[in-house]
Amino acid sequence: MAEAVLLDLFGLKLNSQKNCHQMLLKALNAVRYHHTANAKFFCIMCCSNISSETDGECGNCELEINNGLSALLRKFETVSNSSMVASLYTIKQKIDEKNLSSIKVIVPVYRKTLMKAFIDQLFTDVYSFEFEDLQMTLQGGLLKQSNEINMITAQELEEIQNEVETYLRSLPPLKGELTIITSPSIPDIFIHGFTTRTGGISYLPTLSSLNLFSSSKRRDPKAVVQENLRRLANAAGFNAEKFYRIKTDHANDVWIMGRKEPESYDGITTNQRGVTIAALGADCIPIVFADPVKKACGVAHSGWKGTLLGVAMATVNAMIAEYGCSLEDIIVVLGPSVGPCCFTLPKESATAFHNLDPKCVRLFDSPDPSIDIRKATRVLLERGGILPQNIQDQDQDLSLCTSCHPNKFFSHVRDGLSFGTQIGFISIRE
């Protein structure tokens, strides 16, 4: 059964017939009666205000209603806006505040397809929707009448997407201004940086505000993440249309851009100018690689599994094999990640880090030793031939523990499954 009920009265127009109000009262009563047992949220979506016919499509005339209808309306939250996307986004925030996911949408038949198109833009697979036809017709016209629309044309879909994008662009940044951490080790022929959590529009607590990854398991839709990316691109100076994230598998596969893209990979390399590549991170290390001599770059996502599998050196080796890079020219910068203060593994897994270097493990004799994945990454890079001075892993904000700094970074360890994502990115200037 639905946890939230949305009644779409966006196209409602009242005529002068007295029983229009009775019809509305009957419909609202029916909604309350059928869903009171399970629904925790009742909402009416309308256009500016429910309007009278003489005031046009979306006038500001308040309903002249009797006490019975007035009392019933107070049991519903009303979201009024001239923009459908603004109304739906406001309703989504209310639903998310209550942590609800099962939604019944009661909608006029002619608006159902349009409503579904907007919902596809603003919601993810976390939510389940059920649609019911709104039956409120009356001779003389309570609802604007129209035939059912079964499909949205490509042009109409593009218009909906543009409307959503325009609205999201208008929203103010949350949690402060957008901040990018850069490394002095990487020369200016590259655009690079590591993001923090501020300056985006994602509003859910563990995703707020510059979340840069959307999935079917999170409540942040692609449209919001794309707007966050657009803001980052403008601030950093790269082209958001030529942006590629890794497809994480917590392994050591590397996509050499220009070759066939694998289904999943934890590293990317390129020598194409103007293309930005990015590694995700929310405790795992986003690593950036730069060779100013051969003008090539790479990124890697290194969690504890990828660290042990050698994803960092796999990315280095790909740059050497594909672009003729030399080990002594490659600069490696480790982005913010979880520290040994907050990250433990079972003894069995910790043993592999201890065998790599005992300094990578703290309290090894405990049931759940603390693991330093940054130290392990440096050990493997140095053993692979990267010069120690070309590895930046301890300077400034880059070495802060993501779990220990909730105002600055996202963290899976700290926030659980609904965690936000920051990135490390790099591109070669055009």
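## A guided walk from a cavity to the pockets

The largest cavity has a volume of about 40 Å³. That makes a good starting point for a tour of this structure, which is a predicted model. By the rule used here, the count comes to one cavity of 30 Å³ or more. Its walls are formed by L6, L88, I91, I95, I103, V105, I119, F123 and F129. Sorted by class, this lining has nine nonpolar residues, no polar and no charged ones. Helix α3 (84-97) and strand β6 each supply at least two residues of the lining, and α3 gives the most, with three residues.

One residue of that lining, L6, leads us to strand β1. Is L6 buried or exposed? L6 is buried, and it shares one side of β1 with A4 and D8, which are buried too. On the other side of the strand, V5, L7 and L9 are buried as well, so both faces are covered. In a regular strand the side chains alternate between the two faces of the sheet. Taken as a whole, strand β1 (residues 4-9) has six of its six residues buried, so it is largely enclosed by the rest of the structure. Buried here means under 20% relative accessible area.

Which strands are the partners of β1? One is β6 (residues 102-107), which pairs with β1 in the parallel sense over four bridges. Another is β3 (residues 41-46), joined to β1 by six bridges and also running parallel. You can see both pairings from A4: its bridge partner in β6 is I103, and in β3 it is F41. I103 is a residue we have already met, since it is among those that line the largest cavity. Strands of a sheet pair through backbone hydrogen bonds, either parallel or antiparallel.

Now let us move further along the chain, to another sheet. Here five strands form an open sheet in the order β8-β9-β20-β13-β10, with mixed pairing. Its edge strands are β8 (180-181) and β10 (243-245), each of which pairs on one side only. Within this sheet, strand β13 (residues 276-281) and strand β20 (residues 422-428) run antiparallel and are joined by six bridges. In that pairing, A278 stands opposite F425 in β20.

Strand β13 also takes us to the largest pocket, because β13, α7 (304-309) and α11 each supply at least two residues of its lining. How much space lies in this pocket? About 860 Å³. The lining holds 28 residues, of which R218, T248, H250, H412 and F419 lie nearest the centre of the pocket. Helix α7 gives the most, with three residues. By class, the lining has 12 nonpolar, 11 polar and five charged residues.

H250, one of the residues nearest the centre of the largest pocket, deserves a second look. H250 is found in the loop between β10 and β11 (254-256), and it has a positive phi of about 55° although it is not a glycine. With 39% relative accessibility, H250 counts as partly exposed. L363 also has a positive phi, near 55°, and is likewise a residue other than glycine. L363 sits in the loop between β17 (361-362) and β18 (370-371), and with a relative accessible area of 63% it is exposed.

Two more loop residues are worth a stop. S403 lies in the loop between β19 (391-392) and α11 (412-415), and it is buried, with a relative accessible area of 13%. Leaving aside residues up to four places away in sequence, S403 touches D283, V338, C342, S411, V413 and R414. S209 is in the loop between β9 (190-195) and α6 (222-236), and the peptide bond that leads from S208 to S209 is cis, with omega near 5°.

Our last stop is the second largest pocket, where about 510 Å³ of space lies. Of the 24 residues that line this pocket, the closest to its centre are Q121, P221, K222, A223 and Q226. Helices α4 (112-122), α5 (154-169) and α6 each supply at least two residues of the lining. By class, the lining residues divide into nine nonpolar, seven polar and eight charged. Where does the second largest pocket lie with respect to domain 1 and domain 2? Domain 1 (4-50 + 61-169) and domain 2 (173-428) both give residues to the lining, so the pocket lies between them.

Note on methods
Residues numbered from 1 in each chain as written. Predicted model: local features only at pLDDT ≥ 70, side-chain atom pairs only at ≥ 80, totals over all residues. Heavy atoms only, no water. Buried < 20%, exposed > 50% of the residue type's maximum accessible area, 1.4 Å probe, protein only. Pairing = 2+ DSSP bridges. Contact = heavy atoms within 4.5 Å. 1 Å grid on protein atoms, 1.4 Å probe; cavity = no way out; pocket = protein on both sides within 12 Å on 5 of 7 lines; lining within 4 Å. Points joined across faces, edges and corners; volume = space filled by probe spheres on them. Nonpolar A, V, L, I, M, F, W, Y, C, P; charged D, E, K, R; others polar. Domains from an automatic or database assignment.
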